[in-house]
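Welcome! Please take a look at the structure below, and then we can walk through its main features together.

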Amino acid sequence: MPTDEEVVAGQAIYNRFVLATYDIYVLGFSNRLIWRCPKRHMLDNYRRNTGNRHLDLGPGTAYLLDHCRFPTASPELTLVDLNPTVLRMSASRLARYRPATVRADLLRPLPFDDTTLPPGSYDSVGLNFVLHCLPGNWAEKGAALDNAVAALRPGGRFFGSTILSSGVKVTGAARRLMAVYNSKGIFHNTDDDLAGLRWQLDTRFTDIQVTVRGNVALFEATKPESGATLATG
Ligand SMILES: C[S@@+](CC[C@H](N)C(=O)[O-])C[C@H]1O[C@@H](n2cnc3c(N)ncnc32)[C@H](O)[C@@H]1O
């Protein structure tokens, strides 16, 4: 089981200073040159899948939500993160949509309620660049996917991306940077492989598409209508 310390380390790095450089350093430089997945692919994933009532898990700077297109001019947004600075900054960037914010650990059951975080009601849930920050093996990281399933309406879309360390081609530069981030507790992805990600998606969703770019896996999937049969883990 991940320790509380590991969970805290996976989100503590996102202070005001890191968030101020995140769009340029992570989404610009690292995405293109280290992970070899230019951010336009993540933005395309958002543009394809965000519904009018959208829940974003681990929004960071909210760059993608700020630049994606929603089906209507007034989407209903909820942002969930463990880090209060992230929630403040992302909500401020998206103030035009008046998003709701919830502080919670994605590895624990979310605090669903009928007003701020209604279960089974979201058209889409985004989980972008978060799984590699979460401690634990795939079965333990799967708690975040369970939260997405609980939040989505039947037929709702789940999507995002994560940085993998095996089952994909990893360059020397990517391996070295991941080693540094894992040693500092910023990443927890030393055992994250492509097959494990597919397994976690297969046991919860239908209509699954996983696209690998560099050592990033972009995923999109649908919550089954009630009664549908899924692969068992
Ligand atoms: C790398 S950032 C991703 C930001 C954004 N989704 C993007 O793609 O640009 C990871 C985000 O996940 C959040 N996070 C990490 N671990 C978490 C946890 N256990 N529970 C909730 N949020 C977490 C961080 O605070 C941060 O906002």
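## Strands around β7

Two strands pair if DSSP finds at least two bridges between them. With that in mind, strand β6 (residues 206-213) and β7 are joined by six bridges and run antiparallel. This comes from a predicted model. In this pairing, R213 stands opposite V216 in β7. The two strands form a hairpin with two residues between them, and G214 in the turn has a positive phi of about 60°.

On strand β5 (residues 152-163), seven bridges lead to β7, and this pair is antiparallel. One of the residues to look at here is G160, whose bridge partner in β7 is F219. How enclosed is strand β7 (residues 216-222)? Five of its seven residues are buried, so β7 is largely enclosed by the rest of the structure.

## The chain as a whole

The protein chain holds eight helices and seven strands. Its C-alpha trace spans about 45 × 40 × 35 Å along the principal axes. The radius of gyration is 16 Å, which agrees with the value near 17 Å for a compact globule of 233 residues.

Of the 233 residues, 42% are buried. Among contacts with a separation of 6 or more, 68% are between residues 24 or more positions apart.

## Around the ligand

Now to the ligand. Of the 22 residues around it, Q11, G58, G60, L82 and F129 come nearest. Two elements, α1 (4-12) and α4 (63-67), give two or more residues to this shell. The most come from α1, with three residues.

What is the make-up of the shell in nonpolar, polar and charged residues? There are 14 nonpolar, six polar and two charged residues.

Key: Residues are numbered from 1 along each chain as its sequence is written. This is a predicted model: local features need pLDDT of at least 70, side-chain atom pairs count only at pLDDT 80 or more; totals for chains, interfaces and linings use all residues. A residue is near a molecule or strand if its C-beta atom, placed from the backbone, lies within 6 Å of it. Helices (H or I, at least four residues) and strands (E, at least two) are DSSP runs, numbered from the N terminus. Ala, Val, Leu, Ile, Met, Phe, Trp, Tyr, Cys and Pro count as nonpolar, Asp, Glu, Lys and Arg as charged, and the others, Gly among them, as polar. The radius of gyration is taken over C-alpha atoms; the globule rule is 2.2 Å times the number of residues to the power 0.38. A residue is buried if 20 or more other C-beta atoms lie within 10 Å of its own, exposed if 12 or fewer, and partly exposed in between; C-beta atoms are placed from the backbone. Two residues are in contact if their C-beta atoms, placed from the backbone, lie within 7 Å.
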